[in-house]
Amino acid sequence: MQRFDQVIVADWSASSALSPARASADAIWLGHIDADGAQSTYHRSRASAEAALSQAIDSAVVKGQSLLIGCDFPMGYPKGFAARLTGTANARAVWAWLAAHIEDAPDNRNNRFQVAAQINRHFATAASKGPFWGRPARLNLPDLSPTKSINYNALNLSERRAVETLVPRAQPVWKLYTTGAAGSQGLIGQPMIHRLSQHPTVAVWPFDPPAQITLAEVYPSLISTAVTADPAAIKDEAQVRLLAQALFTLSQQNRLAPLLDTPPCAEEGWILGAGHTAALLAALS
């Protein structure tokens, strides 16, 4: 599957409260593009955004169209994590485990820090706490350090996935709090990937080959120069709109295949477009 009729890019949020009623930054934005044009929508809650994505999947299936959905959060962890948490060396097992343990209310209240502390207790050794770190100082969670003080060698885990060495600006999946952290979005977002992947037409790349409906991890900062040059008042909106446009253009030109080549470690997941920034930016020129 190299050509998609529609592309949606989701900029996610792990906020524990509803986003402001007025469209704002650091919230959830969905950028959508197809042959009829492009639009961006703002969502105050993850429940609202997930419902929109589910509806988009159902609509594409009814119309017989192909759809690529890019989500701005990690969909996997460094090699070895899945097997030690779930007994299965497969990212899908982690999604299911998180779906069973993460509580995410319609008003965005969630227990992601508590779940991270629970995982840390499972992984802790005499030489190091578990792999996750970062939390608000007000939370009393001794198993989850507010700052990075983890010995990843002692845990026999890598601090970074392979793709994060190729894209060094991407933050480690273990970082849950403060500037640039994407780990919380991963903990909150992967249960949604589990739910959406239950639809028989949905594939999750690179764990599956692309199909009619394909979900993939994205990183909008790959096109940061284009976002900076865009006149949009809200960076998050510009990111989803422009990345959706770039992926859709490459798809329509049958130039998306190189971005969908199998990465070196499918267990960890991969960022769609990693190593192909020039192609993405060229598609916007």
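A pocket here is an open set of grid points with protein on both sides within 12 Å along at least five of seven lines. The views below come from a predicted model, and they visit its pockets and its enclosed space in turn.

**View 1. The largest pocket and the residues about its centre.** This pocket holds about 870 Å³ of space. Its lining counts 36 residues, and those closest to the pocket's centre are D72, G180, A181, A182 and Q185. When you explore this view, these five make a handy starting point.

**View 2. Helices at the largest pocket.** Two helices, α7 (183-196) and α9 (235-252), each bring at least two residues to the lining of the largest pocket. Of the elements, α9 gives the most, with 3 residues. Sorted by class, the lining of the largest pocket has 16 nonpolar residues, together with 10 polar and 10 charged ones.

**View 3. The second largest pocket.** Here the volume is about 170 Å³. Around this pocket you will find I8, L30, H32, Q39, T41, H43, A52, L53, Q55 and A56. Three elements give two or more residues each to this lining: the strands β2 (28-34) and β3 (37-43), and the helix α1 (46-63).

**View 4. Helix α1 at the second largest pocket.** Which element gives the most to the lining of the second largest pocket? The answer is α1, with 4 residues. As for the chemistry of the lining, there are 5 nonpolar and 5 polar residues, with no charged residue among them.

**View 5. The cavity.** Unlike a pocket, a cavity is a space where a 1.4 Å probe fits but cannot get out. Searching the whole structure turns up 1 cavity of 30 Å³ or more. The largest cavity encloses about 50 Å³ of space. Its lining is made by M75, G76, Y77, P78, F81, A82, A91, V94, W95, Q190 and E267.

**View 6. Helices and residue classes at the cavity.** Both α2 (81-86) and α3 (91-101) give two or more residues to the lining of the largest cavity. The biggest share comes from α3, which gives 3 residues. How does the lining of the largest cavity divide by class, and what are the counts? There are 8 nonpolar residues, 2 polar ones and 1 charged one. The charged residue in this lining is E267, and the two polar ones are G76 and Q190, as Gly is counted with the polar class.

Key: Residues are numbered from 1 along each chain as its sequence is written. This is a predicted model: local features need pLDDT of at least 70, side-chain atom pairs count only at pLDDT 80 or more; totals for chains, interfaces and linings use all residues. Side-chain values use heavy atoms; hydrogens and water are left out. On a 1 Å grid over the protein atoms alone, a cavity is a set of points where a 1.4 Å probe fits but cannot get out, and a pocket is an open set with protein on both sides within 12 Å along at least five of seven lines; lining residues have an atom within 4 Å of a point. Grid points are joined across faces, edges and corners, and a volume is the space filled by probe spheres set on the points.
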